[in-house]
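User: I'd like to learn how to read the features of a protein model. Could you take me through one, step by step?

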Amino acid sequence: MAEMTMARFHELVVILYAVSLVFYFIDYLNKDTVAHRSAFWILSLVYVLQTGYLIFHMIETKRFPILSLFEGIYFFSWLLITLSVILHLVYKVGFAVFFLNVIGFIFMTIYTFAPFQIEQSPIGESLISELLFIHVTFAILSYAAFAISLVFAILYLLVYKVLKKKKWTKQFARFPSLHQSAIGMKAAIFTGIPLLLISLILGMQWATVALDHWSFFDVKIIGSFFLILLYSLVLFLQKSGKLTANDFAWANVFAFLFVIINFFLGSKLSQFHFWI
């Protein structure tokens, strides 16, 4: 009965999330103030419900719920909606909020309609340490930063396309400038790279202390180092002038595909990660 109630709760959150995105899209098409406000208030309700469930799950399990793949997906979705609310309130970047919530909605949908298995992490309680907690948290924060870089890359490409075609619309004034989008991309990558690097270092320290056997050549470790090298290369090529601003945006889009692959496939193929 409790599992059924939780399932219905998550379905309600997904429905509200979808309604919010519909209002955001209406606002995008028609610059509708009422739709914009409705979208934000519904999104705020989704945020309150997600936060409430996160707190409830923390109380129930007596730990921070990020130690399984499904918990990580939920936390990532919650983190994206948190960032979108902050962007809306502080920076008034409407389209960034919209695209960020599209990504968050996708992850929330995966969490809700995947096989329902909210359960205790298979890691023994003796191995759940502050080191592991910080490792996982920093990894998810880095993924959120890369998601922001994706959002600003999409915005850059949209603005570039409008400027090239010279077909102005009433929505154009609400887009960030090319310069602002480029700065957003770089700032997000500059944030994501060190977060992921710190996560890797702490994760290997934890594995050394907590596990009897683990390999540096694990799929998840190799994939994470590849992400760091990939985003570092993108930044280097952009700074050296070998990537135009438009190519830099496309590079961000394709790089995020590897983030998704590492998030899901890397966790599944890893020999000692417990995100299963």
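**Reading the fold**

Analyst: Happy to! Let's begin with contacts: of those in the chain with a separation of 6 or more, 78% join residues 24 or more positions apart. Keep in mind that this is a predicted model.

User: Which elements make up the chain, and in what order do they run from the N terminus on?

Analyst: The chain has eight helices and zero strands, so the order is easy to write, as helices here are DSSP runs numbered from the N terminus: α-α-α-α-α-α-α-α.

User: How should I think about the interior? What share of the residues is buried?

Analyst: The general idea is that nonpolar side chains tend to be buried together in soluble globular proteins. In this chain of 276 residues, buried ones make up 50%. On the outside, the chain exposes about 14000 Å², and 72% of that comes from carbon and sulfur atoms.

User: Which residues of the largest nonpolar core touch the most other members?

Analyst: Those are Phe76, Leu155, Met185 and Tyr231, in a core of 80 residues. At least two core residues come from each of α1 (2-30), α2 (33-61), α3 (69-91), α4 (94-113), α5 (130-165), α6 (178-210), α7 (219-239) and α8 (245-269). The most come from α5, which gives 16.

User: Which residues does methionine 185 touch, leaving out those up to four places away in sequence?

Analyst: Methionine 185 touches Ser149, Phe152, Ala153 and Tyr156, and also Phe248, Ala249 and Asn252.

User: Now a single helix, please. What span should α7 have, and how far apart are its end C-alpha atoms?

Analyst: Allow 1.5 Å a residue: the 21 residues of α7 should then span 30 Å, and the end C-alpha atoms are 30 Å apart, which agrees. As for burial, an α-helix has 3.6 residues a turn, so residues three or four places apart point the same way. With that in mind, look at the buried residues of α7: Lys220, Ile221, Gly223, Ser224, Leu227, Ile228, Leu230, Tyr231, Val234 and Leu235. After α7 comes glycine 241, which has a positive phi, near 85 degrees.

User: Last one: is threonine 109 buried, exposed or partly exposed?

Analyst: Threonine 109 has a relative accessible area of 24%, so it counts as partly exposed; the cut-off for buried is under 20%. Its place is in helix α4. A polar atom of the threonine 109 side chain lies 2.8 Å from the backbone oxygen of phenylalanine 105. Try comparing sequence with space, too: threonine 109 and tyrosine 74 are 35 residues apart in sequence, while their C-alpha atoms are 9.5 Å apart.

Technical notes. Residues are numbered from 1 along each chain as its sequence is written. This is a predicted model: local features need pLDDT of at least 70, side-chain atom pairs count only at pLDDT 80 or more; totals for chains, interfaces and linings use all residues. Side-chain values use heavy atoms; hydrogens and water are left out. A nonpolar core is a set of buried Ala, Val, Leu, Ile, Met, Phe, Trp, Tyr and Cys residues joined through side-chain atoms within 4.5 Å. Buried means under 20% relative accessible area, exposed over 50%, partly exposed in between (1.4 Å probe, protein chains only). Helices (H or I, at least four residues) and strands (E, at least two) are DSSP runs, numbered from the N terminus. Contact means heavy atoms within 4.5 Å. A polar contact is a pair of N or O atoms within 3.5 Å; within protein, one must be able to donate a hydrogen and the other to accept it, and residues adjacent in sequence count only if both atoms are side-chain atoms. The expected span of a helix is 1.5 Å times one less than its number of residues. Accessible areas come from the Shrake-Rupley method with a 1.4 Å probe; for residues, only the protein chains shown count as cover.
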